[in-house]
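Colleague: I'm new to this one and would like to learn how to read it. Could you put it up and take me through it feature by feature?

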Amino acid sequence: MKALSAKLPFAEQRLYQLLEVLPLGVAVIEKNGNYSYINQTGQNLLGASQLLNLVSEHTAVAYQIYRAGTNQIYPSQQLPSVQALAGKVSNANDLEIYREGKAIALEMKVIPIFDDSGEVAYAIAIFQDITERKQAEAAVLAEALQQSEAYLRTVVNNFPLILWAMDKNGVFTLSEGKGLEGLGLKPGEAVGQSVFEMYSDLLEVVAAFRNSLTTGVPYYVTATTNGCTLEGMGNPFYDNQGNIQGMIGVSMDITARKQAEDALKKSEAQFRRLAENVPGMIYRYILHPDGSDEFTYLSPRCREIYEIEPEAIIQDSQKLWSLVHPDDSLAIQSLIAESLHKPESINLEHRIVTPSGRVKWIQVIAQAEQQANGDNIWDGVVIDITQRKHTEQLLADYNRTLEKQVSERTIALEQEIWERKRAEDAAKAAEIALRKANLELERLATLDGLTQVANRRRFDEYLSQEWRRMAREQQYLSLILCDVDYFKSYNDHYGHQAGDACLKRVAAAMRNTLKRPADLVARYGGEEFAIILPSTAVQGAIAVAQAIQKAIKLLRLPHIQSQISDFITVSFGVSSIIPIPNLRVETLITTADQALYEAKKQGRDRIVCV
């Protein structure tokens, strides 16, 4: 420990000695513009025996820096130091100073160094006499500059991490970085403490450190302590005799990533259970613009239907297409060729021949979607309908038998056959009606039938969902409640059909005004609507309300029964909150409702924020 501690100031001293003997001028420029350091070469070049406490805008005058080839002082705002403090890496090779009546050309490069928030913390300036610069000297200086940039970049990029080092006994000699906050530690607080004592309750961590310090294997462990999940990695370092002297490494807080991974695993498990229990094979198929294709997902039922592993089809889509019955292959190839130009949803039935030789009938139902890159994607399900087809075939055979007997039997039998046929048609019609009803029910589950915007059920689900998300991200969630002014009078005067048409146009104007996919407009009840705006503070919510108000006024829907205008107007109540643990989502709704009430109380056709 003492040996390692002694090396640290020695290394620092060597660094300063290196800077002082460099044939380059090196300066550190603080954020306020003061030069906190200039090495000896730099002082000699600038003719400054001591640091001048002045802002960088005055540097040109103080050190008599001219634009090369002129007698003009170099413009302050064009100085590399000024531009670097504004966030730009700046180079200049047209600087000139005079020493003992002789012009000396200078080349200067200034690099801004940023803190974690992206603000300029300080800048490093490097300059040299390039009057008689040799090519070999330029290569050496360029390499030194490149190494310096790489070093500074490494330091900056590691700020959010925990930088640590320990001696061979496991006692910390370095403990820095903002990542310590997650452990409730301050920078340097762990220095002098043993890792084996600090984390004695984390047996995996202790064992890994002990193994690395003993055997020299790299350290890599992920562990959770104090609610913080850390991923740590490090390597031993050695003396000249090859003996382990300690370890150095980094640890990073991966709590959020771990939580996201756990949530993703849970979601994948739920989807997997769903896919395994759906009476069919769920799949995703992609047809690329060049005609190539691929299956990116097939559920486990693939084995049951196609008698082939899903992974084999994902690796080679032809393994699936090769199973298509020869009599159906041409029709499917034509469908794929047409889909290159105009992708359409699919609902078709065809045959396959499985590896075991069985002929099966399958039904393919898929929804098509064209991507911006030209890819056509089908998400769908494949259902084994062999038994149904067998039943249909039996029924068809039976019908043919009945038709043959019709000519031989009585009119009464003909009537019976006709009744049977009608029953079959009714059954098919009922099946189609049921399918349409199910689709309609699925649509109505989240959509308001009149206005075609989200319904109250979808509003409640989405508001709860975004409340939880904004609570995690600690961002504003805004809610706008709005009400068509004097709508009852509108209905009474123009009739309910006109009232429905009015609500449709108002809802469409609201929907078309929203620009972000995450924003949602819903029918809250009657003539009342609600707009959910995630990641939006109150100013943004008011701007959205103003845009909607303008869009509705542009509709110029007549309302002669309104007490405030000859046209339809809307009152708005706006509320914006950052969700916190003890706050309920109902608070957001209540405050927006209070704001809407106040807007009506103040005379309607206005926006009020509470």
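Colleague: Is Arg 523 buried or exposed?

Modeller: This is a predicted model, so treat every value as computed from it. The idea is to look at relative accessible area, where anything under 20% counts as buried. Arg 523 has 17%, so it falls on the buried side.

Colleague: Which side chain does Arg 523 meet in a salt bridge?

Modeller: For a salt bridge, you look for a Lys or Arg nitrogen within 4 Å of an Asp or Glu carboxyl oxygen. Here the partner is Asp 448, with 3.3 Å from N to O. Arg 523 sits in strand S18 (residues 520-525), while Asp 448 is in the loop between helix H14 (411-444) and helix H15 (456-473), so to speak a link across 75 residues of chain. Asp 448 is buried too, because its relative accessibility is 13%.

Colleague: How many salt bridges are there by this rule?

Modeller: The count comes to 22. Another one to look at joins Glu 349 and Arg 388, whose closest N and O atoms are 2.3 Å apart. Glu 349 belongs to strand S14 (residues 346-353) and Arg 388 to helix H13 (residues 386-406), so this pair ties together parts that are 39 residues apart in sequence. As for exposure, Glu 349 is partly exposed at 32%, and Arg 388 is partly exposed at 28%.

Colleague: What about a pair inside a single helix?

Modeller: Try Arg 469 and Glu 466, which form a salt bridge with their closest N and O atoms 2.5 Å apart. Both lie in helix H15, 3 residues apart, and that is about one turn of the helix. Arg 469 is partly exposed, with a relative accessible area of 23%, whereas Glu 466 is buried at 2%. Salt bridges can also share partners: Glu 349, Arg 388, Lys 389 and Glu 392 are joined into one network that way.

Colleague: Now cysteines. How many disulfides does the structure hold?

Modeller: A disulfide is a covalent bond between the sulfur atoms of two cysteines. In this model the number is 0. You can still check where individual cysteines sit: Cys 302 counts as buried because its relative accessibility is 0%, and Cys 482 is buried at 0% as well.

Colleague: How do I read a helix, say H7?

Modeller: Start with its length. H7 covers residues 203-215, and at 1.5 Å a residue its 13 residues should span 18 Å; the end C-alpha atoms are 18 Å apart, so the two agree. Then ask which residues are buried: Val 205, Val 206, Ala 208, Phe 209, Ser 212 and Leu 213. Those residues cover an arc of only 165° around the axis, so they are on the same side of H7.

Colleague: Which exposed residues does the face turned away from the buried side carry?

Modeller: Leu 203, Glu 204 and Thr 214. On the buried side, H7 packs against several elements, among them strand S7 (162-167), helix H6 (195-198) and strand S9 (219-225). Just after H7 comes Gly 216, with a positive phi near 90°.

Colleague: Can we do the same for one residue, Ala 541?

Modeller: Sure. Ala 541 is in helix H18 (residues 538-555), and it counts as buried because its relative accessibility is 0%. To see its surroundings, leave out residues up to four places away in sequence; Ala 541 then touches Ser 478, Ile 480, Leu 533, Thr 536 and Val 574. You can also compare distance in space with distance along the chain: Ala 541 and Ser 575 are 34 residues apart in sequence, and their C-alpha atoms are separated by 8.1 Å.

Colleague: And where is confidence lowest, and where highest?

Modeller: The average pLDDT is 84, and 88% of the residues score at least 70. The lowest mean, 54, belongs to helix H5 (residues 135-157), and the highest, 97, to strand S19 (residues 528-534).

Colleague: How would you step back to the whole protein?

Modeller: Begin with the secondary structure, which comes to 19 helices and 21 strands. Of the 610 residues, 39% count as buried. Last, among contacts with a separation of 6 or more, 52% come from residues 24 or more positions apart.

Conventions:
Residues numbered from 1 in each chain as written. Predicted model: local features only at pLDDT ≥ 70, side-chain atom pairs only at ≥ 80, totals over all residues. Heavy atoms only, no water. Disulfide = S-S within 2.5 Å. Buried < 20%, exposed > 50% of the residue type's maximum accessible area, 1.4 Å probe, protein only. Helix = DSSP H or I, 4+ residues; strand = E, 2+ residues; numbered from the N terminus. pLDDT = per-residue confidence, 0-100. Contact = heavy atoms within 4.5 Å. Expected span 1.5 Å × (residues − 1). Arc of directions from axis to C-beta.
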